[in-house]
Amino acid sequence: MEKIPMTAAGYAALAQELKQRQQVERPRIIAAISEARAHGDLSENAEYHAAKEQQSLNEGRVADLEDKLSRAEVIDVSKLSGDIVMFGATVTLVDEDTEDEKVWQIVGDSEADAKAGRISISSPVARALIGKKKGASVEVVTPKGARSFEIVAVRWA
């Protein structure tokens, strides 16, 4: 069974979602199914079919979350240090063409959220950064073509 690297915050977020789906969503959906069932003929009962569809989606997500949490390898970023980019590092990059500065934290696939500044360890940018040091120039092939960045800082949360 392949381990899934994630930060403690990412693990906590998945665990919270699982708890919400099991303790809040599941009972709510069961109640909706019971109420719809009380309306009689199930073959033409749109409320019943919608509730069953919700149940299916919720249970699928619960199974997915349980799988991810069981395979999680939580990496305590606070215990890491140094100037080499690794999982969990927060990296400040400067685009060598535009001088634009970007700050990314390298996290597990399930934690990635580009708008929040978190990129997946398996993303092209993260793969290009892993193992590089502060001051290094890195070329990344993006959908917009090849881009060059300089690593100006490596921080640990």
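The following is a chat about the helices, strands and cores of one predicted model.

Q: Let's start with α1, what does it span and how does that compare with the expected value?
A: Helix α1 covers residues 8-37, which is 30 residues, and from its first C-alpha to its last it reaches 42 Å, close to the 44 Å expected at 1.5 Å a residue.

Q: Where does α1 bend?
A: The bend, of about 35 degrees, is at Glu-25, and a proline, Pro-27, follows within four residues.

Q: And which residues of α1 are buried?
A: Gly-10, Leu-14, Leu-18, Ile-29, Ile-33 and Ala-36 are buried in α1, and what covers them includes β1, residues 4-7, together with α2, residues 46-70.

Q: OK, so what about α2, how far apart are its end C-alpha atoms?
A: They are 36 Å apart, which agrees with expectation, because the 25 residues of α2 should span 36 Å at 1.5 Å a residue.

Q: What do the buried residues of α2 pack against?
A: They pack against α1 and against β2, residues 72-75; the buried residues in question are Tyr-48, Ala-51, Asn-58, Val-62, Leu-65 and Leu-69.

Q: Anything at the start of α2, say, which backbone nitrogen does a side-chain oxygen of Asn-45 reach?
A: It is the backbone nitrogen of Glu-47, and the side-chain oxygen of Asn-45 reaches to within 3.2 Å of it at the start of α2.

Q: Switching to the strands, how many bridges join β3 to β4, and in which sense do they run?
A: Five bridges join β3 to β4, and the two strands run antiparallel; as one example of a bridge pair, Val-94 has Glu-101 in β4 as its partner.

Q: What sits between those two strands?
A: The hairpin of β3 and β4 has five residues between the strands, and within this hairpin Glu-99 takes a positive phi near 65 degrees, although Glu-99 is not a glycine.

Q: Is Glu-99 buried or exposed?
A: Glu-99, which has its place in the loop between β3 and β4, counts as exposed because its relative accessibility is 58%, and the cut-off for exposed is over 50%.

Q: What does β4 pair with on top of that?
A: Strand β5, residues 118-120, is joined to β4 by three bridges, and here the strands run parallel, with Val-107 standing opposite Ser-120 in β5.

Q: And how does β3 pair with β7?
A: β3 and β7 pair in the antiparallel sense over six bridges, and in that pairing Leu-93 has Ile-151 in β7 as its bridge partner.

Q: What about β6 and β7?
A: Those two strands pair in the antiparallel sense over six bridges, a hairpin of two residues joins β6 to β7, and Val-140 stands opposite Arg-147 in β7.

Q: Can we look at Thr-90 for a moment, where is it and is it buried or exposed?
A: Thr-90 has its place in strand β3, residues 90-95, and Thr-90 counts as buried because its relative accessibility is 12%.

Q: Which residues does Thr-90 touch?
A: Leaving aside residues up to four places away in sequence, Thr-90 touches Val-103, Trp-104, Gln-105, Ala-153, Val-154 and Arg-155.

Q: Same two questions for Ser-148, where is it found and what does it touch?
A: Ser-148 is found in strand β7, residues 145-155, and, not counting residues up to four places away in sequence, Ser-148 touches Val-94, Asp-95, Glu-96, Val-138 and Glu-139.

Q: Why does Ser-148 count as buried?
A: Ser-148 counts as buried because its relative accessibility is 18%, and buried means under 20%.

Q: Last topic, how many residues are in the largest nonpolar core?
A: The largest nonpolar core has 18 residues, and those with the most contacts inside it are Val-85, Val-91, Leu-93, Ile-106, Leu-129 and Ile-151.

Q: Which elements supply this core?
A: β3, β4, α3 (124-129), β6 (137-142) and β7 each supply at least two residues of this core, and the largest share, four residues, comes from α3.

Q: Where is another core, and what is in it?
A: Apart from the largest nonpolar core lies another core, of eight residues, and among them are Ile-4, Met-6, Leu-65 and Leu-69.

Technical notes: Residues numbered from 1 in each chain as written. Predicted model: local features only at pLDDT ≥ 70, side-chain atom pairs only at ≥ 80, totals over all residues. Heavy atoms only, no water. Expected span 1.5 Å × (residues − 1). Bend = angle between axes of the 7 residues up to and from the residue. Buried < 20%, exposed > 50% of the residue type's maximum accessible area, 1.4 Å probe, protein only. Contact = heavy atoms within 4.5 Å. Polar contact = N/O pair within 3.5 Å; in protein donor to acceptor, adjacent residues only side chain to side chain. Pairing = 2+ DSSP bridges. Core = buried A, V, L, I, M, F, W, Y, C linked by side-chain atoms within 4.5 Å.
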